[in-house]
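The following note sets out points for a colleague who is reading the structure alongside the sequence. Each point takes up one topic and may be checked separately.

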Amino acid sequence: EILALQKIHHVFGRTTWDRACVYNVNPDVVYHYCPELLRAPFYTGQWHRDTCEKHTIFAVAEHPIKGLPYLLQALPIVISKYPDTRVRIAGWKSAREDMGMLGFLYISAYHRYIDREIKRHKLEDYIQFLGILNAEQMKTEYLHANAFVLPSVMENESNTLSEAKMLGVPCVASYVGGALDRIQHGVDGYQYPSAEPEMLAYYLCKIFEDGE
């Protein structure tokens, strides 16, 4: 990728983060801004506080850079104030759920770590893994949630954050990569330092209590 970027004269991108990365490799390249198109279902529909499932959090966590451990660390703080909090996570389904008792043989080291963290924080009754969802299923989850969380440690453009915002879902996102272009902090969402689960918890509670 670095060799390719060094040889080309034009590049398309969509965030301050990818522009900075490209210029770091090739300062002479011509950068063209090209906004992302979302999948069709996300251009219709509107989130409403009165019809969402109160104190329900939706997140996507299919691999380690999505920062699920930080969300798990934030949850006990949120639950202490809102005991009916529930978290629905798209992107994977536990191997134990898919394959029964033999599922543990197929769980990656990262999944084992997540399992241990869930048990350590006593979150078994608060989290549901949904597996891979299609666009319509994702839309349903966004509209039912009280808040969408992007706890990533690395991002460029976040499709899920853009989808949630298009539907009007209250969002909390870590201040990383291209996510900084997607939220005006305190105006249409909240951002926090990715390694600060206490701040993530604070903003989730703020969404829960702020009403309209």
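1. A nonpolar patch on the surface, with an area of about 330 Å², is formed by Trp17, Ile65, Val153 and Met154. One of these residues, Ile65, is located in the loop between strand 3 and helix 3. Ile65 counts as partly exposed because its relative accessibility is 34%, and the class of partly exposed residues lies between the limits of 20% and 50%. The model under review is a predicted one.

2. The loop that carries Ile65, between strand 3 and helix 3, also takes part in a salt bridge. Lys66 pairs there with Glu155, and the closest N and O atoms are 2.6 Å apart. Glu155 belongs to the loop between strand 6 (147-150) and helix 7, while Lys66 belongs to the loop between strand 3 and helix 3, so that distant parts of the chain, 89 residues apart, are linked. Both Glu155 and Lys66 are buried.

3. Two further salt bridges deserve attention, out of the 8 found in a search of the whole structure. In one, the side chains of Glu163 and Arg39 meet at 3.1 Å, N to O. Glu163 is in helix 7 (residues 159-167) and Arg39 in the loop between strand 2 and strand 3, with these positions 124 residues apart in the chain. Which partner is buried and which is partly exposed? Glu163 is buried, with a relative accessible area of 3%, whereas Arg39 is partly exposed at 39%.

4. In the other, Arg182 and Glu157 meet through their side chains at 2.5 Å, N to O. Arg182 lies in the loop between strand 7 (171-174) and strand 8 (190-192), and Glu157 in the loop between strand 6 and helix 7, so the pair ties together parts that are 25 residues apart in sequence. Arg182 and Glu157 are both buried. As a general remark, side chains of opposite charge can pair when their charged atoms come close.

5. The aromatic residues form 9 pairs in the structure. For Phe58 and Tyr142, the ring centres are 5.3 Å apart and the planes stand at 80°, so this pair is edge-to-face; the cut-off for that class is over 60 degrees. Phe58 lies in strand 3 (residues 56-60) and Tyr142 in helix 6 (residues 135-144), so the contact ties together parts that are 84 residues apart in sequence. Phe58 is buried, with a relative accessible area of 1%, and Tyr142 is buried at 0%.

6. A second aromatic pair is made by Tyr82 and Phe208, whose ring centres are 5.3 Å apart and whose planes are at 85°, so this pair is edge-to-face as well. Tyr82 is in the loop between helix 3 (68-81) and strand 4 (86-90), and Phe208 is in helix 8 (residues 197-210), so the pair ties together parts that are 126 residues apart in sequence. Tyr82 counts as buried at 14% relative accessibility, and Phe208 is buried at 4%.

7. Phe58 and Tyr142 also belong to a cluster, in which ring pairs link them with Phe42 and Phe148. Strand 3, which holds Phe58, is also the place of Ala59. Ala59 is buried, with a relative accessible area of 2%. Between Ala59 and Gln73 the separation is 14 residues in sequence and 14 Å in space, taken from C-alpha to C-alpha.

8. Strand 1 (residues 10-13) and strand 2 (residues 30-33) run parallel and are joined by 4 bridges. Within this pairing, His10 stands opposite Val30 of strand 2. Together with helix 2 (residues 16-25), strand 1 and strand 2 make a right-handed β-α-β unit.

9. Two backbone angles should be checked. Most residues other than glycine have a negative phi. His55, however, has a positive phi near 65°; this residue is found in the loop between strand 2 and strand 3 and is buried, with a relative accessible area of 15%. Lys122 likewise is not a glycine and has a positive phi of about 55°. Lys122 is placed in the loop between helix 5 (109-120) and strand 5 (127-131) and is exposed, with a relative accessible area of 63%.

Note on methods:
Residues numbered from 1 in each chain as written. Predicted model: local features only at pLDDT ≥ 70, side-chain atom pairs only at ≥ 80, totals over all residues. Heavy atoms only, no water. Pairing = 2+ DSSP bridges. Helix = DSSP H or I, 4+ residues; strand = E, 2+ residues; numbered from the N terminus. Right-handed = clockwise from strand over helix to strand, strands pointing away. Phe/Tyr/Trp six-rings, centres within 6.5 Å; stacked < 30°, edge-to-face > 60°. Buried < 20%, exposed > 50% of the residue type's maximum accessible area, 1.4 Å probe, protein only. Patch = residues over 30% accessible without salt bridge, like charges linked within 9 Å, V, L, I, M, F, W, Y side chains within 5 Å. Areas by Shrake-Rupley, 256 points an atom, 1.4 Å probe, with all protein chains shown as cover. Salt bridge = Lys/Arg side-chain N within 4 Å of Asp/Glu carboxyl O.
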